[in-house]
Every structure is written in C-alpha cells, then in structure tokens.
Amino acid sequence: MTRGRTLAVSVLLACTGPALDAQSLGRQAAPRAKAESVAVTTSVRSQYVVHCAGCHGLDGAGSHVGNVPDMRKLGHFLRVPGGREFVIRVPGVMGSGLSDQQVADVTNWVLTTLAPASLPADHVPYDAAEVQRARADPLVDVAAARAGLLDEARRLAVPLD
C-alpha cells in the first residue's frame with residue numbers, strides 16, 4: 001500500500017470511527033417511530049440530493065461497479081410495457097421515505113431534468129395517485145422484473161441496459 005493510500009485509509013477511519021465500526025460489526029441503529037429528518041428539504045432537487053444522489057450521484061449517472069442504474073436514461077423505461085410502473089415500484093423509490101406526492105415530484109424532476117433526451121414524446125407526468133397504487137403492489141423480484149423489461153426493450157429496439 002502506498003503512503004498516500006495508507007494516509008487516506010487512516011483519515012477515513014478517523015473520520016468515520018463509530019459508524020464504520022458499527023457497520024463492520026453488524027450492529028444497526030434501532031429504528032425510531034416518526035424519526036424525522038433534521039434536514040428539511042423544500043425543493044424537489046433537494047429531495048433528490050438527500051434521498052437519491054447518494055447512490056445515483058448528483059448527475060444521475062449511477063455506477064456500473066455498484067450496479068446502480070443510470071438515471072439519465074430513465075425515460076427509456078417509459079417506452080416499454082410495464083416500465084413506467086417499474087420505475088416507481090423499485091425498492092429504492094418505495095423505501096425512500098418520500099410521500100406519494102414527493103415520489104411523483106422527484107421522479108418527474110429526474111425525467112425532465114436529468115433524462116429529457118430519453119423521454120417519449122407522449123410522456124405524462126407521474127402523480128401521487130399513481131404512486132399510491134404502485135405502493136399497494138410492491139415488486140417481489142426486482143431482478144426478474146428488470147430482466148423481463150430488458151428482454152422486451154431489446155425486442156422493441158429500446159436502448160435499455
């Protein structure tokens with residue numbers, strides 16, 4: 001290990017101490033009912049940053065290493081039967097802690113801000129009622145649902161990956 005890398009690891013351990021220790025030892029903080037965020041977000045972009053950007057990145061690029069989808073191509077899902085529903089039924093969306101309206105708002109913001117080139121011409125924005133219906137029917141096997149959508153996308157020549 002190089003001296004620079006050793007220093008970086010030392011700094012990381014010093015800065016994350018108990019949090020890293022808790023993760024590596026398998027301990028988890030006990031859930032608290034109504035544990036509200038201390039960082040109140042008022043804009044849709046802020047909600048994306050707080051609830052989505054940690055995995056998808058500020059630009060929505062995702063990560064091939066972490067198998068995190070590229071949000072900049074999200075609109076392509078709307079071109080495949082079942083894709084529209086899939087987008088809002090994935091566990092990251094359903095478990096985000098956002099209300100139905102906030103999920104609709106953030107999804108619409110992502111589509112129109114980060115993924116406008118991928119949007120179909122007949123795109124209709126999501127609304128809270130659609131998200132509420134999606135929450136009532138959670139995905140059981142995300143990988144199988146995604147694989148089915150990718151197969152259908154290939155058949156339809158829709159550029160999904």
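The accessible surface of the protein amounts to about 10,500 Å², of which 58% belongs to carbon and sulfur atoms; accessible areas were obtained by the Shrake-Rupley method with a 1.4 Å probe, and for residues only the protein chains shown count as cover. The structure is a predicted model, in which local features need pLDDT of at least 70 and side-chain atom pairs count only at pLDDT 80 or more, whereas totals for chains, interfaces and linings use all residues. Residues are numbered from 1 along each chain as its sequence is written, and side-chain values use heavy atoms, with hydrogens and water left out.

The secondary structure comprises eight helices and zero strands, where helices (H or I, at least four residues) and strands (E, at least two) are DSSP runs numbered from the N terminus. Buried residues, defined by under 20% relative accessible area (exposed being over 50% and partly exposed in between, with a 1.4 Å probe and protein chains only), make up 32% of the 161 residues. With contact taken as heavy atoms within 4.5 Å, 63% of the contacts between residues at least 6 apart in sequence join residues at least 24 apart.

The largest nonpolar core, a set of buried Ala, Val, Leu, Ile, Met, Phe, Trp, Tyr and Cys residues joined through side-chain atoms within 4.5 Å, has 33 residues, and those with the most contacts inside it are Tyr48, Leu74, Phe77, Ile88, Val110, Tyr126 and Leu160. Helices α4, α5, α6, α7 and α8 (142-156) each supply at least two residues of this core, and α6 gives the most, with seven residues.

Helix α6 has 15 residues and reaches 20 Å from its first C-alpha to its last, close to the 21 Å expected at 1.5 Å a residue, the expected span being 1.5 Å times one less than the number of residues. Its buried residues, including Val103, Thr107, Trp109 and Val110, pack against α2, α4 (83-89), α5 (91-94) and α7 (128-135). Thr107 has a relative accessible area of 7% and is therefore buried; not counting residues up to four places away in sequence, Thr107 touches Val87, Ile88 and Tyr126.

Aromatic pairs were assigned to rings of Phe, Tyr and Trp (its six-membered ring) with centres within 6.5 Å, planes under 30 degrees apart counting as stacked, over 60 as edge-to-face and the rest as tilted; by this rule the count comes to two. The rings of Tyr48 and Trp109 have centres 5.3 Å apart and planes at 40 degrees, so this pair is tilted. The pair links distant parts of the chain, with Tyr48 in helix α2 (residues 44-51) and Trp109 in helix α6 (residues 100-114), 61 residues apart. Tyr48 counts as buried because its relative accessibility is 1%, and Trp109 counts as buried at 19%. Phe77 and Phe86 form a stacked pair, with 5.5 Å from centre to centre and 20 degrees between the planes, and both Phe77 and Phe86 are buried.

Leaving aside neighbours within four places in sequence, Tyr48 is in contact with residues including His56, Leu58, Val106, Trp109 and Val110. The charged end of Arg84 sits over the ring of Tyr126, 4.1 Å from its centre, under the criterion that NZ of Lys or CZ of Arg is within 6 Å of the ring centre and within 35 degrees of the ring normal.

Ala157, found in the segment after α8, has phi near 60 degrees, a positive value in a residue other than glycine. The relative accessibility of Ala157 is 68%, so this residue counts as exposed.
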